[in-house]
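Subject: Structure handover

Dear colleague,

Here is the structure I said I would pass on. My notes follow below it.

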Amino acid sequence: MKKHIITSLITVATLSSTASHAEGLYDVYKLALNHDPGLRAAEATYRADKEQVTVTKGNLYPNIKATGSLGYAKTHPPAGSTVDTRSNSVGLDLSYPIYSPALSYGVKNTELGYQSAGVSYDNTKENLVLTTMTEFFNLLIAQATLETTEAQVKSTKSQLDQTQKQYDVGLKSITDLQDAKASYDAVQVQELTARSDVAYAQKALLQRTGKVITDIPELSKDYPIKLDPNVTVDQLIQKAIKNNKELHILDIAVEKAQNNIDLKKASGRTPVVSLVGSISRSDANNDPEMAQSPNGATNKSSVGLQVSIPLYSGGAINASVRQASEQANAAIENRASQLQGIELNIRNTFLKLQTSVAQVKAQQQLIKSRRSALEASRAGYEVGTRNLVELLQAQSNLYTAISDYQKYRYNFVIQKLKLDEAVGDLNESKIVSLDKWLVEDPSSLK
């Protein structure tokens, strides 16, 4: 029995120590980095495209092929005895394209594909950062809402208990008691919704990281909710043109499409000159009775230049060039369309950040006003100039203002992360910097 008690105490202590450790922002990101299958797929594609460059470049180098044969033949001539023949041969064949523009353009296409896969891998990692951080702060929003709702439930329950006691001694009417009960039931429903939102946010992080995360630090009250006054939207757009990963991928796509025009022209209109050669040795052994059949080894070697010139292919050559030209035009227009979308996204996100800054400042003032209104309603209720409904409404208004204030703060951070991603500046250093503003002590938020 004593052994079981000790074991239980150790288990409780272990769980307590585990629960006391909050998963930081960078910790959550590293978990997502190791767990995300999409990132691993992008990395595998990047490695595969790297090998494809080597495969394609192999066509520019000499191709050497070894051949060999071993055979036996039985011949039955019209007159004479049967002849048995045993033969074998070995050889080497060489083909080396010393002039082939099409192959060179093909290698460049493959190298551009490899470069695009590298940028795509970086873009996938950046998207993972944004997704993980957004889900992290969505959990913080849900937890903050739940904490505020729980405080409201506790306060409303206290008011209900007080009203119940006053009703029992005849100081309050049944209407007051019913109003207090209705208010308490309403905030209990809100609490259930808030708990559901927390559970959903935790499930989202579970799928992202592969780990159940129930305890994360909160954003410090000292985190600056402001924008750099020296940064303009136009500066951010110019930075995005240089650094945005999706735009960079389309830049490579345009270059690849234009190179493909040269590839099609070279494939259909330029000759291919190859150095070819071979060396072989064959050996035949015949029945000695057949003197007319020679025995012994024969050596043979050759070297030369092979030229292949495309002349006509039913109009397919010109059509392929026109097709590649239109594909290049499509790539250019896709890039222009993407740039317009990025510009609009940056302007919209920047405007949302400006709005968030104003909302946080206004909400701070609103909290002060509603706290004063609650104190006035409570004082009026005690002297009989305010009724219970007004008091409960003032209380609800204050808790709503506090909850919205936390949402505005966290939404500012989320929008700032989205802006960093749009300009191509969302990386691990940003996570580390933001992680320093997260604190495990809730009292820092009071």
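A polar contact here is a pair of N or O atoms within 3.5 Å; within protein, one of the two must be able to donate a hydrogen and the other to accept it. In this predicted model, such a pair links the backbone oxygen of I141 with a polar atom of the T145 side chain, at 2.9 Å.

T145 itself sits in helix α4. Its relative accessible area is 17%, so T145 is buried, the cut-off for that class being under 20%. Leaving aside residues up to four places away in sequence, T145 touches A194, S403 and K407.

Next, the nonpolar interior. In soluble globular proteins, nonpolar side chains tend to be buried together. The largest nonpolar core in this model has 69 residues, and those touching the most other members are L25, F136, F137, I346 and L417. Two or more residues each come from α2 (25-35), α3 (37-57), α4 (101-168), α5 (174-209), α6 (233-243), α8, α9 (388-422) and α10 (428-435). Helix α4 gives the largest share, 15 residues.

For I346, the contacts beyond four places in sequence are V233, L236, I237, A240, L419, A422 and V423. Another core lies apart from the 69-residue one. This other core has 6 residues, including V254, A257, I261 and A328.

On the surface, V307, I309, L311 and Y312 make a nonpolar patch of about 530 Å². One of these residues, Y312, belongs to the loop that runs between β5 (296-308) and α8 (316-383). Why does Y312 count as exposed? Its relative accessibility is 70%, and the exposed class begins over 50%.

The last residue on my list is E390, which is placed in helix α9. With 37% relative accessibility, E390 counts as partly exposed. Not counting residues up to four places away in sequence, E390 touches S377 and T385. The C-alpha atoms of E390 and S377 are 6.8 Å apart, with the two residues separated by 13 residues in sequence.

To recap the three residues by accessibility: T145 is buried, E390 is partly exposed and Y312 is exposed.

Regards

Note on methods:
Residues are numbered from 1 along each chain as its sequence is written. This is a predicted model: local features need pLDDT of at least 70, side-chain atom pairs count only at pLDDT 80 or more; totals for chains, interfaces and linings use all residues. Side-chain values use heavy atoms; hydrogens and water are left out. Patches are made of residues with over 30% relative accessible area and no salt bridge: like charges are joined within 9 Å, nonpolar side chains (Val, Leu, Ile, Met, Phe, Trp, Tyr) within 5 Å. Accessible areas come from the Shrake-Rupley method with a 1.4 Å probe; for residues, only the protein chains shown count as cover. A salt bridge is a side-chain nitrogen of Lys or Arg within 4 Å of a carboxyl oxygen of Asp or Glu. Helices (H or I, at least four residues) and strands (E, at least two) are DSSP runs, numbered from the N terminus. Buried means under 20% relative accessible area, exposed over 50%, partly exposed in between (1.4 Å probe, protein chains only). A nonpolar core is a set of buried Ala, Val, Leu, Ile, Met, Phe, Trp, Tyr and Cys residues joined through side-chain atoms within 4.5 Å. Contact means heavy atoms within 4.5 Å.
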